[in-house]
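Grab your viewer and work through the exercises below. Each one comes with a worked solution, so try it yourself before reading on.

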Amino acid sequence: MQEPYQWYVFYVRTNSENRVIRELTRFIDMHDFGGYEFEPFCPESEIYFRGNKLRQQGRAYRRRPLFPGYVFIETTMPSREFLTGFGAYIYSSHDVIRLLKCGNGDNIALPLDERRRMEYLLKGKRCVERSVGYIAGDKICVTDGPLRGSEGMITYINRHNRYADIQVDMFGGKIKARVALEIVEKTV
């Protein structure tokens with residue numbers, strides 16, 4: 001999408017993310033928004049799946065929402081026009097709880113620094129792929145994947161189930177997310 005673009009975030013009922021994306025796509029197709037571009041999406045994360053059947057097929061990782069209960073829209077539409085254009089949809093949808101705002105002001109777009117941090121994690125694929133690393137003493141070193149260079153975001157590691165919990169800044173608060181992290185070695 002061409003600059004300048006914004007990310008707006010809907011807080012939705014958990015497990016209704018895909019339904020909201022379909023409804024938003026229909027709503028956008030039915031209305032004329034004057035040439036603005038829209039792309040509704042739900043960021044995903046690869047998670048290791050321990051089921052034997054899937055692992056034998058070579059599909060040990062499955063995708064799931066990175067932030068359950070959140071749907072994003074990437075658009076070139078300014079905030080004020082977005083509120084007037086999508087206000088009817090927000091109030092009529094049974095699955096959308098609210099549109100998130102930044103702080104106490106009227107800014108509804110995700111701040112630029114937070115959006116760039118999310119774009120770095122997603123690598124343009126709308127999915128946080130698995131990372132690989134090792135533990136040396138008390139230090140975590142990620143050698144490959146989207147968490148490389150972002151070790152400070154990691155709050156918990158489960159080596160057996162191959163995941164890490166991270167904290168991401170969004171709208172002035174911290175949101176917990178679970179991403180795939182494979183620790184290949186642990187040294188003392």
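## Warm-up: the whole chain

Keep in mind that this is a predicted model. Of its 188 residues, 45% are buried.

**Exercise 1.** Work out the overall make-up of the protein: how many helices and strands are there, and what box do the C-alpha atoms fill?

*Solution.* Start with the secondary structure, which comes to four helices and 12 strands. Next, lay the C-alpha atoms along the principal axes, and you get a box of roughly 60 × 35 × 30 Å. Then turn to the surface: about 10700 Å² is exposed, with carbon and sulfur atoms supplying 45% of that area. Finally, take the charges. The protein has 29 positive and 24 negative ones, and their mean positions lie 8 Å apart.

**Exercise 2.** Find the sheet that contains β3 and decide which strands stand at its edges.

*Solution.* First, get the order: three strands, β4-β3-β7, make an open sheet with mixed pairing. Now count partners. β4 (61-65) and β7 (127-128) each have a single partner strand, so each is left with one side lacking a neighbour in the sheet, and these two are the edges. Zoom in on β3 (residues 44-48) and β7: they run parallel and are joined by two bridges. Within that pairing, S45 has V128 of β7 as its bridge partner.

**Exercise 3.** Take A180: is this residue buried or exposed, and what does it touch?

*Solution.* Locate it first: A180 sits in strand β12 (residues 173-187). Then check accessibility. A180 comes out at 0% relative accessibility, and because the cut-off for buried is under 20%, A180 counts as buried. Now list its contacts, skipping residues up to four places away in sequence: S45, E46, I47, Y61, E129, R130, S131, R162 and Y163. For a distance check, use V128, which is 52 residues from A180 along the chain, with 8.1 Å between their C-alpha atoms.

**Exercise 4.** Classify the ring pair W7 and F72: what geometry does this pair have?

*Solution.* A search of the whole structure turns up 17 aromatic pairs. For W7 and F72, the centres are 5.8 Å apart and the planes make an angle of 80°, so with planes over 60 degrees apart counting as edge-to-face, this pair is edge-to-face. Next, place the partners: W7 is in strand β1 (residues 6-12) and F72 in strand β5 (residues 70-75), 65 residues apart, so the pair links distant parts of the chain. Last, check burial: W7 counts as buried at 1% relative accessibility, and F72 counts as buried at 0%.

Methods: Residues are numbered from 1 along each chain as its sequence is written. This is a predicted model: local features need pLDDT of at least 70, side-chain atom pairs count only at pLDDT 80 or more; totals for chains, interfaces and linings use all residues. Side-chain values use heavy atoms; hydrogens and water are left out. Buried means under 20% relative accessible area, exposed over 50%, partly exposed in between (1.4 Å probe, protein chains only). Contact means heavy atoms within 4.5 Å. Accessible areas come from the Shrake-Rupley method with a 1.4 Å probe; for residues, only the protein chains shown count as cover. Lys and Arg count as positive and Asp and Glu as negative; His and the chain ends are not counted. The place of a charge is taken as NZ of Lys, CZ of Arg, CG of Asp or CD of Glu. Two strands pair if DSSP finds at least two bridges between them. Rings of Phe, Tyr and Trp (its six-membered ring) pair if their centres lie within 6.5 Å; planes under 30 degrees apart count as stacked, over 60 as edge-to-face and the rest as tilted.
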